[in-house]
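User: Please take a close look at one part of this model and go through its side-chain contacts one by one. Say how open to solvent each partner is, and then set that part against the rest of the chain.

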Amino acid sequence: MIPENLRYILPSLPPVADERIAIHHVTREFFREVEFRDDRRRYCQWYRQTARQHQRELEAMRGDINLFGWFCQRRGKFE
């Protein structure tokens with residue numbers, strides 16, 4: 001049987017005839033939640049690293065010469 005103070009944390013269980021099935025169900029749901037949280041943590045970590053890398057690349061690009069803009073300005077002067 002599930003303790004009364006944990007009932008609000010756990011999802012409602014389908015009616016079961018055997019308590020072992022209920023325990024298995026709760027255990028499985030727990031590990032699914034752990035896996036979901038680990039996947040989300042890894043995704044958020046990857047996202048932050050990728051965002052930092054893109055910011056560094058953007059700053060490096062801002063220091064580069066804008067060849068496209070330079071060619072567009074030249075074309076406008078001679079038309």
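Analyst: Glutamate 33 has a relative accessible area of 35% in this predicted model, so the residue counts as partly exposed, the class between 20% and 50%. Its carboxylate takes part in a salt bridge with arginine 37, where the closest N and O atoms are 2.7 Å apart. That distance lies within the 4 Å used as the cut-off for a salt bridge. The two residues are 4 positions apart in helix H1, which means that about one helical turn separates them. Arginine 37 has a relative accessible area of 56% and therefore counts as exposed, a class that starts over 50%. The bridge thus joins a partly exposed glutamate 33 to an exposed arginine 37.

Helix H1 covers residues 19-62, and further charged pairs are found along it. Aspartate 39 forms a salt bridge with arginine 42, with a closest N to O distance of 2.3 Å. These two residues of helix H1 are 3 positions apart, again about one turn of the helix. Aspartate 39, at 38% relative accessibility, is partly exposed, and arginine 42 is partly exposed as well, at 43%.

Another bridge involves the last residue of helix H1, arginine 62. Its partner is glutamate 59, and the closest N and O atoms of this pair are 2.8 Å apart. Glutamate 59 and arginine 62 lie 3 residues apart in helix H1, about one turn. Arginine 62 is exposed, with 58% of relative accessible area. A search of the whole structure gives 4 salt bridges, including the pairs 33 with 37, 39 with 42 and 59 with 62.

Aromatic side chains also meet along this stretch, and the structure holds 4 aromatic pairs. In one of them, the ring centres of phenylalanine 30 and phenylalanine 31 are 5.3 Å apart and the planes stand at 75°, so the pair is edge-to-face, the class for angles over 60 degrees. Both of these phenylalanines are exposed. In another pair, tyrosine 43 and tryptophan 46 have ring centres 5.8 Å apart; because their planes are at 35°, between the stacked and edge-to-face ranges, this pair is tilted. Tyrosine 43 and tryptophan 46 lie 3 residues apart in helix H1, about one turn of the helix. Tyrosine 43 is partly exposed at 46% relative accessibility, as is tryptophan 46 at 47%. Ring pairs extend the group to tyrosine 47, giving a cluster of Tyr43, Trp46 and Tyr47.

What of the cysteines? Cysteine 44 has a relative accessible area of 24% and is partly exposed. Cysteine 72 is partly exposed too, at 34%. The number of disulfides is 0; to count as one, two cysteine sulfur atoms would have to lie within 2.5 Å.

After helix H1, isoleucine 65 sits in the loop that leads to helix H2, residues 67-78. Its relative accessible area of 71% makes isoleucine 65 an exposed residue. Together with Leu67, Trp70 and Phe71, Ile65 makes up a nonpolar surface patch of about 480 Å². The patch therefore takes in an exposed loop residue along with residues that fall in the range of helix H2.

The chain as a whole gives the setting for these contacts. Its secondary structure consists of 2 helices and 0 strands. Of its 79 residues, 4% count as buried. The accessible surface comes to about 7,900 Å², with carbon and sulfur atoms contributing 58% of that area. Returning to the starting point, glutamate 33 is partly exposed and is bridged to arginine 37 about one helical turn away.

Conventions:
Residues numbered from 1 in each chain as written. Predicted model: local features only at pLDDT ≥ 70, side-chain atom pairs only at ≥ 80, totals over all residues. Heavy atoms only, no water. Buried < 20%, exposed > 50% of the residue type's maximum accessible area, 1.4 Å probe, protein only. Areas by Shrake-Rupley, 256 points an atom, 1.4 Å probe, with all protein chains shown as cover. Patch = residues over 30% accessible without salt bridge, like charges linked within 9 Å, V, L, I, M, F, W, Y side chains within 5 Å. Salt bridge = Lys/Arg side-chain N within 4 Å of Asp/Glu carboxyl O. Phe/Tyr/Trp six-rings, centres within 6.5 Å; stacked < 30°, edge-to-face > 60°.
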